[in-house]
Amino acid sequence: MRILVTGGAGFIGSNFVHFLLDETEHEVTVLDKLTYAGNLASLAGLPEDRFSFVKGDIADAELVDRLIADHDAVVHYAAESHNDNSLDDPRPFLDTNVVGTFTLIEAARRHGSRFHHISTDEVYGDLELDDPERFTERTPYNPSSPYSSTKAGSDLLVRAWVRSFGLRATISNCSNNYGPYQHVEKFIPRQITNVLRGVRPRLYGSGQNVRDWIHADDHSRAVLTILERGRIGETYLIGADGERSNRTVVEDILRLMGQPADAYDHVVDRPGHDLRYAIDSTRLRDELGWRPRFQDFEAGLAATIDWYREHEDWWAPAKDATEAKYRAQGR
Ligand code: NAD
Ligand code: TDX
């Protein structure tokens, strides 16, 4: 197949591109606008005969139509992805996550393309810490932030295009990813690179908020499984039973980096901060046989720390601007 990957210069998209080229025979084109979050260095060294890169906007209807006409399938990762940014300036989130997704699915329906939409567990809102239930494909949508509401909007557009126009689409909603090549604005890379620079990690609010961590490699394998064998029109939740409080994660990072476990600071909380996410991925496991390979979070975290230690050239250019933005927010 010829697969068009949107947002392939970002964290999870680039992981998927490497995975496809390493483990399948498919040909890959990346369409990416190279916003502050896109980095061509994440796509270095790929085989030229099976990989090409197009710089452009998923909301550019003419460009999108031409590219989709020329591919068998689209895997749609491109998004504005950071909650804190969405609280500062929601506009790009509407433009990319909603209008961009609309532009892609219009072209996909014109050309009868197979479409896979990448989304997030945040569309379901949050859970109490002691809630025995986890998110399933039947949980009602209840997003909290401008980011998650635009992702929810994009999911609903895809569902409507399936029902109204017969779009051959699947959707996946995944929990928090970690691993190499994640932008330093995100929680885990921010704290690792802070420690590497001799700065104390920053925990929002009490730090009791829980995220359900999955390694990006496990996410990529799940997406390929759904692309190949998922039922058209279905949604699959992707999660690896990795619930941890933010405080525990910061303590793990400090310990693994040889620092005292309490060497962090509490800073002002994120407005509307979701308390807990937790995914029940039974459908994906039972129907499609997917299982996460990274079962040991601390081992995956230690490998991620090593990667940031060895790749300062990759992350250093974004670090100062990111921290300047956080300083302005009091975080
Ligand atoms: P990221 O911010 O690292 O990468 C996003 C990429 O999209 C960048 O390369 C950027 O240049 C590109 N992009 C942004 N706007 C664009 C536009 N208008 N046209 C073309 N390209 C554009 O994000 P990520 O963390 O890799 O997330 C990728 C996808 O996965 C998103 O859809 C996100 O909602 C979803 N997701 C992320 C997580 C997570 O933990 N990071 C979890 C679940 C789902
Ligand atoms: O410095 C920090 N301190 C802190 O305590 C930062 C940057 C974050 N946090 C907290 C906020 C969250 O509870 O850590 C948790 C994780 O924060 P983020 O990395 O910003 O992720 P989150 O808001 O949970 O959203 C992520 O997972 C779902 C991705 O950014 C989304 O794209 C994805 O949809």
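Which helix holds both Asp-95 and Arg-91, and how many residues apart are they? Keep that in mind for the first close-up of this predicted model.

**View 1. A salt bridge inside helix H4.** Both Asp-95 and Arg-91 belong to helix H4 (residues 91–111), and they sit four residues apart, about one turn of the helix. Their side chains meet in a salt bridge, with 3.2 Å from N to O. Arg-91 is exposed at 56% relative accessible area, while Asp-95 is partly exposed at 30%.

**View 2. The open sheet and its edges.** Here seven strands line up in the order S3-S2-S1-S4-S5-S6-S11, with parallel pairing. Strands S3 (51–55) and S11 (235–238) each have a single partner, so one side of each has no neighbour in the sheet. On average, neighbouring strands are turned by 20° against each other, direction ignored.

**View 3. Strands S4 and S5, with a helix on the sheet.** S4 (residues 73–76) and S5 (residues 114–120) pair in the parallel sense over four bridges, and Val-75 stands opposite His-116 in S5. Helix H5 (residues 146–165) packs on the sheet and touches S5, S6 and S11, with its direction at about 155° to that of S5.

**View 4. Arg-285 meets Asp-241.** This salt bridge spans 3.5 Å, N to O. Arg-285 is in helix H9 and Asp-241 in the loop between S11 and S12, so the pair ties together parts 44 residues apart in sequence. Arg-285 counts as buried at 16% relative accessibility, whereas Asp-241 is partly exposed at 46%.

**View 5. Glu-243 and Arg-276 pair up.** The closest N and O atoms of this salt bridge are 2.6 Å apart. Glu-243 comes from strand S12, and Arg-276 from the loop between S13 and H9. Arg-276 is buried, at 5% relative accessible area.

Definitions and conventions. Residues are numbered from 1 along each chain as its sequence is written. Chains are lettered from A and ligands numbered from 1 in the order in which they are written. This is a predicted model: local features need pLDDT of at least 70, side-chain atom pairs count only at pLDDT 80 or more; totals for chains, interfaces and linings use all residues. Side-chain values use heavy atoms; hydrogens and water are left out. Two strands pair if DSSP finds at least two bridges between them. Helices (H or I, at least four residues) and strands (E, at least two) are DSSP runs, numbered from the N terminus. Axes are lines fitted to C-alpha atoms, for helices over the stretch in contact, and angles run from 0 to 180 degrees between N-to-C directions. Contact means heavy atoms within 4.5 Å. A salt bridge is a side-chain nitrogen of Lys or Arg within 4 Å of a carboxyl oxygen of Asp or Glu. Buried means under 20% relative accessible area, exposed over 50%, partly exposed in between (1.4 Å probe, protein chains only).
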